[in-house]
Amino acid sequence: MRKLTILLLAMMTMATVNGTTLTERQKGLAACACLMAQGDTERLEPAVRMALDNGVTINELKEAFSQLYAYTGFPRSLNALGVLNKVLENKQPNWKEGKPWTRPAEWDDARKAYELGKKNQTQLSGRPFNYDFCPQDDYYLKAHLFGDIFAGDQLSAADREIVTVAALSGLEGVAPQLAAHKQGAVNMGNSQQLVEELSAWLDSEGYTLHSKWPKGEPNPYGKYFTGKSYLADVGGGVMNVTFEPRCRNNWHTHHKQVQVLICVAGRGWYQEWGKEPVEMTPGTIIAVPAEVKHWHGAQKDSWFQHLTYHKDVQQDASNEWLEPVDDATYNALKQ
């Protein structure tokens, strides 16, 4: 089992991306776009505040949420704008309004909008792009998405692709479009390193969960969890547990055995009864002593995955599930 732990850590180390290309402003845009795409308004609210604190302007967020209706639909776009409007009820002095919004000239000339869209789509794709299979979508893409929408001057073309990549990263079933926009983000002025770092950062911060470890099926022990969790058998007596944001298991005790936890993705918590909580990030390893009451789970704003196995297992070893971790205890943790 010790060899297995060393192997797991080595794999995690090889998968780590240590980049410094993304600015705090770009991270703010990306976080908001990703959560908006998922429809997660609860997590979006603090992300909007973080973005505004880090230099994203109010008008830039309006533009980002408006643009993303083309990728996520009007309902989520309007919900995100509603969150922004709510946050602005307590507007802080350091938050900037940004460049005044002006009506693009292309909105009054359909031909100009189409030609601008054709130019932008060609640059993003790296070649002329014609979707002859469906002329309707070909026109919508050129005239509206890359024409009308891209005509706005609140965000640069490079920023727009950061927003789009982050949003698509938060959606399932859009792998071809995500791959195309990652290359498009480079074609529109971002470095390859920045795009790679963007994807890694979204995963490491728990906004997305694109882990090398399988998510598995709904946890059969779900009645002992608050929130949704998933379980996957990865072999060798090792299980991978995936927690959605805010999900945690009940207080519990392992009798006559030691439980080992290895965080492999996202951010979570581990806490023993009567002790301070311990933050878990990729690479964190915790050996839970036998007979110690404890719980573990995701942080409020992050997915969380950990591998788990038992060692020093004695005869008649067992698990005892206890009371849930109440909201007051959980919400008091500093995320």
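What volume does the second largest pocket have? In this predicted model, the second largest pocket has a volume of about 610 Å³.

Start with its walls. The lining of the second largest pocket counts 22 residues. Those nearest the centre are Phe 129, Leu 141, Phe 146, Gln 177 and His 181. By class, twelve of the lining residues are nonpolar, eight are polar and two are charged.

Now look at the helices around the pocket. Four of them each supply at least two lining residues: H5 (69–72), H7 (110–125), H8 (135–149) and H10 (175–187). Which helix gives the most to this lining? Helix H10 does, with seven residues.

Helix H8 also holds Asp 137. Is Asp 137 buried or partly exposed? Its relative accessible area is 37%. Buried would need a value under 20%, and exposed one over 50%. Asp 137 is therefore partly exposed. A distance helps to place this residue. From Asp 137 to Ala 64, the C-alpha to C-alpha separation is 22 Å in space. Along the sequence, the two are 73 residues apart.

Next, turn to the strands. Strand E12 spans residues 304–311 and includes His 306. Six of the eight residues of E12 are buried, so the strand is largely enclosed by the rest of the structure.

Which way does E12 run against its partners? Strand E4 (residues 238–243) pairs with E12 in the antiparallel sense, over five bridges. Strand E7 (residues 258–266) is also antiparallel to E12, and eight bridges join these two. Thr 308 of E12 shows both pairings at one residue. Met 239 has Thr 308 as its bridge partner. Leu 261 stands opposite Thr 308 as well.

His 306 lies in E12 too. Its relative accessibility is 1%. The limit for buried is under 20%, so His 306 counts as buried. What does His 306 touch, leaving out residues up to four places away in sequence? One group of contacts is Met 239, Asn 240, Val 241 and Phe 243. Another is Leu 261, Ile 262, Cys 263 and Val 264. His 296 completes the list.

The contact with His 296 has a polar component. The side chains of His 306 and His 296 make a polar contact at 3.1 Å. So His 306 combines burial at 1% relative accessibility with a polar side-chain partner, His 296.

Technical notes: Residues numbered from 1 in each chain as written. Predicted model: local features only at pLDDT ≥ 70, side-chain atom pairs only at ≥ 80, totals over all residues. Heavy atoms only, no water. 1 Å grid on protein atoms, 1.4 Å probe; cavity = no way out; pocket = protein on both sides within 12 Å on 5 of 7 lines; lining within 4 Å. Points joined across faces, edges and corners; volume = space filled by probe spheres on them. Helix = DSSP H or I, 4+ residues; strand = E, 2+ residues; numbered from the N terminus. Nonpolar A, V, L, I, M, F, W, Y, C, P; charged D, E, K, R; others polar. Buried < 20%, exposed > 50% of the residue type's maximum accessible area, 1.4 Å probe, protein only. Polar contact = N/O pair within 3.5 Å; in protein donor to acceptor, adjacent residues only side chain to side chain. Contact = heavy atoms within 4.5 Å. Pairing = 2+ DSSP bridges.
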